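Colleague: I have a few beginner questions about this one. Can you take me through it slowly?

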Amino acid sequence: MMLDDFMLRATLAGIGVALAAAPLGCFVVWRRMAYFGDATAHAAILGVALSLALSVSVFAGALAVALIMALAVNALTGRGFAMDTLLGVLAHSALAFGLVAVSFLEGIRIDLMAYLFGDILAVSRLDLAVIWSGALAVVALIAWRWSALLTATLNTDLAFANGIDPRREQLVLTLALAITVAVAIKVVGVLLIAALLIIPAAAARPLARTPEAMAVIAALIGAGAAVLGLRAAYLFDTPAGPSIVCVAALAFLTTSLLGVGARRA
Amino acid sequence: MSLVSAERLSLAYGGQTVLSQVDLTLDPGEIVTIVGPNGSGKTSLLRALIGAVAPSAGQVRRRPGLKIGYVPQRLHIDPTLPMTVARFLRLAGRVSRAQVHRALETAGVPGLSERQMSGLSGGQFQRVLLARALIETPDLLILDEATQGLDQPGSAAFYRQIEAVRAETGTAVLMVSHELHVVMSASDRVVCLNGHVCCEGTPAVVASAPEYRALFGPGTGGALALYRHDHDHHHHPDHPHDHGHEHGHGHGHDHAQDGQHRQNRNEAAE
């Protein structure tokens, strides 16, 4: 059976995460929510700890806490604290509580490292199913709301005048972000999820003339980084998750230089 | 049936009353201008009418299925968001290439469709916003200081375009502006707002109303007169330099001086 090969499973997992992260990452970049991805990812560590304590699936725990975190940020914004302050408070508190909670559990310290940095080579067939269902759900959700999301991103009053409620669209993004974090946590880990959201989108920017093109190019760059990063990790015996991010970062460097060149020409 | 109406509308942000007991009705095809000093709640009123803020008292009624074309005061497109003009216009919904062309033509900027939004000049950008508002043939066009950043001839041309659009499509227009003399000449009705409706009526009626003069000073009457090419206007008493009286305005009026007047008045009103 083909999926018996751990490298193949890892590659498919990486591509799945990249596909979901690309369009979502574009919105994160356009809306200047980069830190939001970080915060949700940090909160997911608390979810991992709780799910290990309660012996429920890590995916479910991470998803639940990421969702609660995202909803809390949504509800609290515009009530006297700036978004970045609020995210800072919630993200670091959630991470700290998560680490403290983990310390009460016996014998899972090594596992925690895996959730911080991910362990894409240990992806099982079940994980693969979870990742791809989550990724497809996120892509479908964003495709369905695409125009409304774009309008709300451009200007909230413009959205209202068109009968779009920007708060609902923000909620859609938040939900998609929580799902992505939950499915990606095992693959690239908490610390690298934000990188996979932002770097491919940023790398796609100089090559794109429309928002749709940017999302598609970001998906290609993300998937390419997953494939090449894993190959490099295998050849040079480097850690898999960081290798993927390194390839994405090189792609960003390349397209940025191309962009500068194109502007000069 | 009226397109949109506010009934005894009050708005408050954090305990601060912005609007109180505002009544406003818009009928199909009419051009209504809201004037008022800074902080008088003009933008808040527009936002309440489009449903972006909930009234703290009173209510807003929109005709069911009302299509609104909205031109915001300012639209910042993040440089990380690539967007061609054509794509921006298609955001409004399912529109054909021909509709994009027609809307750009109507707004006075044909041939821009493949340009990046970030590469447009201020005037082009405002006109593309207008094209986007027009593309779905709205029943009501709402413009919030739509000519910000345009020079005087530019904004005069912009408002002539609005009149032409109304004549062609029969859309109602509700706009907010500082450019009293330009805007008021094009309006059927003017509403003077300062937290509440001070006065309303035809431009001539409002310009001579004592409430309006109290807000904008007597010079505004002159500004309206200026538009009618009547140069015998009364200068604001504390105007810094004494100009104009001696040389009698030989050829046409001076827009720069006129802008100066307006600025002084706004400062006085704040």
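Colleague: How are α2(A) and α8(A) oriented to each other?
Modeller: This is a predicted model, where local features need pLDDT of at least 70, side-chain atom pairs count only at pLDDT 80 or more, and totals for chains, interfaces and linings use all residues. Residues are numbered from 1 along each chain as its sequence is written, with chains lettered from A and ligands numbered from 1 in the order in which they are written. Helix α2 (residues 34-54) and helix α8 (residues 166-184) of chain A pack at about 50°, axes 10 Å apart (axes are lines fitted to C-alpha atoms, for helices over the stretch in contact, and angles run from 0 to 180 degrees between N-to-C directions; helices are DSSP runs of H or I with at least four residues, strands E runs with at least two, numbered from the N terminus). Under 35 degrees counts as roughly parallel, over 145 as roughly antiparallel, 65 to 115 as roughly perpendicular and the rest as oblique, so α2(A) and α8(A) are oblique.

Colleague: Which residues of α8(A) make the contact with α2(A)?
Modeller: Contact here means C-beta atoms, placed from the backbone, within 7 Å. From α2(A) come Phe36(A), Gly37(A), Thr40(A), Ala41(A) and Ala44(A). On α8(A), the partners are Leu177(A), Ala178(A), Val181(A) and Ala182(A).

Colleague: How many residues in the contact of α2(A) with α8(A) are nonpolar?
Modeller: Ala, Val, Leu, Ile, Met, Phe, Trp, Tyr, Cys and Pro count as nonpolar, Asp, Glu, Lys and Arg as charged, and the others, Gly among them, as polar. There are two polar and no charged residues in this contact, and the nonpolar ones number seven.

Colleague: Is Arg8(B) buried or exposed?
Modeller: Arg8(B) sits in strand β1 (residues 4-13) of chain B, and has a positive phi of about 45° though not a glycine. A residue is buried with 20 or more other C-beta atoms within 10 Å of its own, exposed with 12 or fewer, and partly exposed in between, with C-beta atoms placed from the backbone. Arg8(B) has 12 such atoms, so it is exposed.

Colleague: Which exposure class does Glu145(B) get?
Modeller: Glu145(B) is in the loop between β6 (140-144) and α5 (152-169) of chain B, and its phi is also positive, about 50°, though it is not a glycine. It has 19 C-beta neighbours inside 10 Å, so Glu145(B) is partly exposed.

Colleague: How many residues does chain A give to the contact with chain B?
Modeller: Chain B brings 20 residues, which divide into 13 nonpolar, four polar and three charged. Chain A's share is 19 residues.

Note on methods:
Two residues are in contact if their C-beta atoms, placed from the backbone, lie within 7 Å.
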